[in-house]
Amino acid sequence: MEKINNNNELEIMRSQMASFKKQLEQQEIINRRIMSESMKKKFSWIKKMIIGEIILIPIFLYLAFAAKYYFDLSWWSVGTFVILLLCDVWCDYDINMRAIKDSDYSHDNLIDTIEKLVKMKQRRAKQTAIMLTATIVMSIWLLIEIGFHLIAINADTGMWLVLYGGGTGAFIGVVVAWWIYRKMQKTNDEMIKQIEEISKEQ
């Protein structure tokens, strides 16, 4: 009788251990999903911004060609602007959207994900340095070209105000681009820190 009771208690303990192990596994799965969704959410604003850039390409192209005829810009200036625009958008897409896939948020790929995030930061820093420099030089060149054109045609005050507004807009654009760059780098840092904390808990 005592042997039967012992066997029953042993079976109960095994059942309890199996149930506890199953609960732990389920909790771990839930934690992985929460971590994955958290990282996707942190990165989602960057992807939305890139999609917004792609959608706005036709508008920027229209403005470029409108400025060409309004200010009699050279085709070299317009062509350079279009090339810079398309290169910048492509680099944004390649660096920020193609580099990270949904599988990279998996609990099994965290080390690889850190390496990709670090590499993304490095590539983004190079892109920003090149494109901001090119944008500043291009903006100065356009302002000079437009200024000479306005002088040549003895432009009225309204056209000069458009030029001043364009210069101000270019300056604000550079400042905003720098702010976005800093925010994107901070997002990567937060994701790397989160992954490192999870790795330490393992």
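Q: How many salt bridges does a search of the whole structure find, and what makes a pair count as one?
A: The search finds three. A pair counts when a side-chain nitrogen of Lys or Arg lies within 4 Å of a carboxyl oxygen of Asp or Glu. The model is predicted: local features need pLDDT of at least 70, side-chain atom pairs count only at pLDDT 80 or more, and totals for chains, interfaces and linings use all residues. Residues are numbered from 1 along each chain as its sequence is written, and side-chain values use heavy atoms, leaving out hydrogens and water.

Q: What makes aspartate 94 and arginine 98 a salt bridge?
A: Their closest N and O atoms are 3.2 Å apart. That lies within the 4 Å limit, so the pair qualifies. Both residues sit in helix α2, four residues apart, about one turn of the helix. An α-helix has 3.6 residues a turn, so residues three or four places apart point the same way.

Q: Why is aspartate 94 called buried or exposed?
A: The relative accessible area of aspartate 94 is 18%. Buried means under 20%, exposed over 50% and partly exposed in between, with a 1.4 Å probe and protein chains only. So aspartate 94 is buried. Arginine 98 has 43% relative accessibility and therefore counts as partly exposed.

Q: How do you know that arginine 123 forms a salt bridge with aspartate 94, and which helices hold them?
A: The closest N and O atoms of arginine 123 and aspartate 94 are 2.6 Å apart. Arginine 123 lies in helix α3 and aspartate 94 in helix α2, so the pair ties together parts 29 residues apart in sequence. Arginine 123 has a relative accessible area of 32%, so it is partly exposed.

Q: What makes lysine 121 and aspartate 189 a salt bridge, and what does the pair tie together?
A: Their side chains meet at 2.5 Å, N to O. Lysine 121 is in helix α3 and aspartate 189 in helix α4, so parts 68 residues apart in sequence are tied together. Lysine 121, at 22% relative accessibility, counts as partly exposed. Aspartate 189 counts as partly exposed too, at 37%.

Q: Which residues do shared partners join into one network?
A: Asp94, Arg98 and Arg123 form that network.

Q: How do you know how many helices and strands the protein has?
A: Helices and strands are DSSP runs, numbered from the N terminus: H or I of at least four residues for a helix, E of at least two for a strand. The protein has four helices and zero strands. Along the sequence the pattern reads α-α-α-α.

Q: How do you know that the span of α2 agrees with the expected one?
A: The expected span of a helix is 1.5 Å times one less than its number of residues. For the 24 residues of α2 that gives 34 Å, and the end C-alpha atoms are 33 Å apart, so the two agree. α3 has 43 residues and reaches 61 Å from its first C-alpha to its last, close to the expected 63 Å.

Q: What makes a set of residues a nonpolar core, and which residues touch the most other members of the largest one?
A: The members are buried Ala, Val, Leu, Ile, Met, Phe, Trp, Tyr and Cys residues, joined through side-chain atoms within 4.5 Å. The largest core has 15 residues; Met39, Phe43, Ile46, Leu117, Met120, Met191 and Ile195 touch the most other members. α1 (2-70), α3 (110-152) and α4 (157-201) each give two or more residues to this core. α1 gives the most, with five. A second, separate core has twelve residues, including Val78, Met138, Ile146 and Leu163.

Q: What makes a neighbour a contact, and which residues does isoleucine 195 touch?
A: Contact means heavy atoms within 4.5 Å. Leaving aside neighbours within four places in sequence, isoleucine 195 contacts Met39, Leu110, Thr113, Ile114 and Leu117.

Q: What is the confidence of the protein, and where is confidence lowest and highest?
A: pLDDT is the predictor's confidence in each residue, from 0 to 100. The mean is 81, and 75% of residues reach 70 or more. Confidence is lowest in α1, at a mean of 72, and highest in α2 (residues 75-98), at 92.

Q: Which residue in the loop between α1 and α2 has a positive phi?
A: Aspartate 72 lies in that loop. Its phi is about 55°, although it is not a glycine.
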